[in-house]
Amino acid sequence: MKKNSFYTPHFRRSLLVSAVLIGSLSSCRENLLNPVPVTSISTDAAYSTPAKILAQVNGLYSLFGSQSYFGGRHVVFNEQRGDEFSQNDGNNSTGANVWNQSITSSGDFVNAVWSSAYTTINSANILIENLSTSTVLTDDLRKNYVAEAKFLRAFAYFSLAQTYAKPYLQSSTAAALPLRLKAETSGGNNDFTFSTVAEVYAQILKDLNDAEADLPVTYSTPLLVASRAHKATAIALKTRVNLVKGDYAAVVTEAKKIVSDVAPYQYVSGTLTHKLEANIATVFGGSYVGNEVLLTIPYINPTEAPGLQSALAANYLTPVIYLSTTGIVADPVFASATSNDARKGLITTNTTGQKLVRKFPKNSAPFSDYVPLVRYAEVLLNYAEAAAQTSDLTTATALLKAVRNRSDASYTFTKGISSKEELIETILNERRIELLGEGFRTPDLLRRVQKLPAKIGNAGVAPEVLPTAANYVWAIPSNELAYNKLAPR
């Protein structure tokens, strides 16, 4: 019998414990003779001390970074649906039906991503509601945690909107997603109307604005700065969200908060600095927590690392998917023998001649590469594109050059920057080069309402998908349709 995609067994465990106290249960091993069932732990107990509340916060990040979500599969899916990669096999368990655009509403992955996102959202809701009346924490720390929950709720809704809803620039009035903003701690209450694309994006930006107001500027260690949302993280994500909306003026406004007016482009606030690393290889060393990352998923405990089929390294280097010869790997940055671009070093060739992404090098268990979700390079490219769209070609060109010249200091753009239209296309191409393998390609095609191109690989042929096609975005999952009577059909 099918289970509700919202009320999965994993989700039910979260109802009474916020799913997150599980991470702190190792301290209960002294009581093995008299174990207390996880589901019997009361909400009062889960929020009774600062340490237990912190466990809830940490667990919320764990849900967000799970292997079926941003810790692995969701990133890979966003590359498989795009045109940069070919597929090696026809096995649906490795996403062949994602790559060839044939996955349907009953597909396991369609249901799993939806479930992972809404489990994260509900756990954020539980945290927000329980902390609204908490007297255990200082007011500043309480606001900090609530802001982190709102940030992750916004990020989860953004990922859902990019995956299951029509692009904002295609139809902002189309039905998109159910906005579940209150904690659910029991079964039922499944029937939710679907809010429009515009309403979902309004809620995402509201959460991010609220988060920015109450998040700290920094944390006490580089690892915490990299793995926990802070003010600059919320601002950076707002540049991405507004870019998807086509609100280029808003992108510029937000970017200016964390990008200096002149080179070297950076953000400095007290002891915190965000900027490009001098060498891009530094960013992909496996456990990077330096100045360029604004949010990463760390795998300090090997038992938390993604499994074989979900890990980025396993998908890219085994490989499940390999770089298409007609994709961005054909760009002179990668293909020219005379190219001095350091990003060439992030591509390798296997014994069969396939080009592979090696940004995530730990290709054996445990697959513990940290997963960067927000990088300063992306912020500069978001800003560059928005500046070009608003006809500030000088700023756009300077930001583009900052990203390119970080990897190739001697490179000079001799074409592609002389007009607004050319410059925008050059910036979009630079995104493909810089963010390759990080899960941006399909969202970038969708936000511009461009077709998903046809592809050829060892798994066969994947047809092109036009924006008017029913499978241009993923279908509402079958489990949601089965349990939510108000879901659009």
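**Exercise 1. State which residue stands opposite Val 293 in β10, and place the pair in its strands.**

Solution. Val 293 stands opposite Arg 375 in β10. Helices (H or I, at least four residues) and strands (E, at least two) are DSSP runs, numbered from the N terminus. Strand β6 covers residues 293–297, and strand β10 covers residues 371–375. The two run antiparallel and are joined by four bridges; strands count as paired if DSSP finds at least two bridges between them. Next comes burial, which means under 20% relative accessible area, with exposed over 50% and partly exposed in between (1.4 Å probe, protein chains only). Five of the five residues of β6 are buried, so this strand is largely enclosed by the rest of the structure.

The model is predicted: local features need pLDDT of at least 70, side-chain atom pairs count only at pLDDT 80 or more, and totals for chains, interfaces and linings use all residues. Numbering starts from 1 along each chain as its sequence is written, and side-chain values use heavy atoms, with hydrogens and water left out.

**Exercise 2. Determine which stretch of the model should not be read in detail.**

Solution. Start from pLDDT, the predictor's confidence in each residue, from 0 to 100. The protein has a mean pLDDT of 91, and 92% of its residues reach 70 or more. Over residues 1–40, however, the pLDDT is below 50. This stretch has 69 contacts in the model beyond near neighbours in sequence, a contact being heavy atoms within 4.5 Å. Where pLDDT is low, predicted coordinates should not be read in detail.

**Exercise 3. Describe the hairpin formed by β4 and β5.**

Solution. Strand β4 (residues 266–269) and strand β5 (residues 272–275) run antiparallel, with four bridges between them. In one of the pairs, Val 268 has Thr 273 in β5 as its bridge partner. Two residues separate the strands, and Gly 270 in the turn has a positive phi of about 65°.

**Exercise 4. Check the span of helix α14 and its burial.**

Solution. The expected span is 1.5 Å times one less than the number of residues. Helix α14 (residues 376–389) has 14 residues and reaches 20 Å from its first C-alpha to its last, close to the expected 20 Å. Of these 14 residues, 13 are buried, so α14 is largely enclosed by the rest of the structure. Just after α14, Ser 391 takes a positive phi of about 70°.

**Exercise 5. Characterise the largest nonpolar core and the contacts of Phe 151.**

Solution. A nonpolar core is a set of buried Ala, Val, Leu, Ile, Met, Phe, Trp, Tyr and Cys residues joined through side-chain atoms within 4.5 Å. The largest has 134 residues, and Phe 151 and Leu 177 have the most contacts inside it. Helix α7 (residues 139–164) gives the most to this core, with 14 residues. Leaving aside neighbours within four places in sequence, the contacts of Phe 151 include Leu 208, Leu 237 and Leu 295.

**Exercise 6. Decide whether Asn 125 is buried or exposed, and find the backbone oxygen beside its side chain.**

Solution. Asn 125 lies in helix α6 (residues 108–131). Its relative accessibility is 2%, so Asn 125 counts as buried. A polar atom of the Asn 125 side chain lies 3.0 Å from the backbone oxygen of Arg 180. Not counting residues up to four places away in sequence, Asn 125 also touches others, among them Arg 153 and Leu 181.

**Exercise 7. Locate the cis peptide bonds before Pro 319 and Pro 366.**

Solution. The bond from Thr 318 to Pro 319 is cis, with omega near -10°; Pro 319 is in the loop between α12 (312–317) and β7 (321–323). The bond from Ala 365 to Pro 366 is cis, with omega near -5°; Pro 366 is in the loop between β9 (355–357) and β10.

How values were computed
A polar contact is a pair of N or O atoms within 3.5 Å; within protein, one must be able to donate a hydrogen and the other to accept it, and residues adjacent in sequence count only if both atoms are side-chain atoms.
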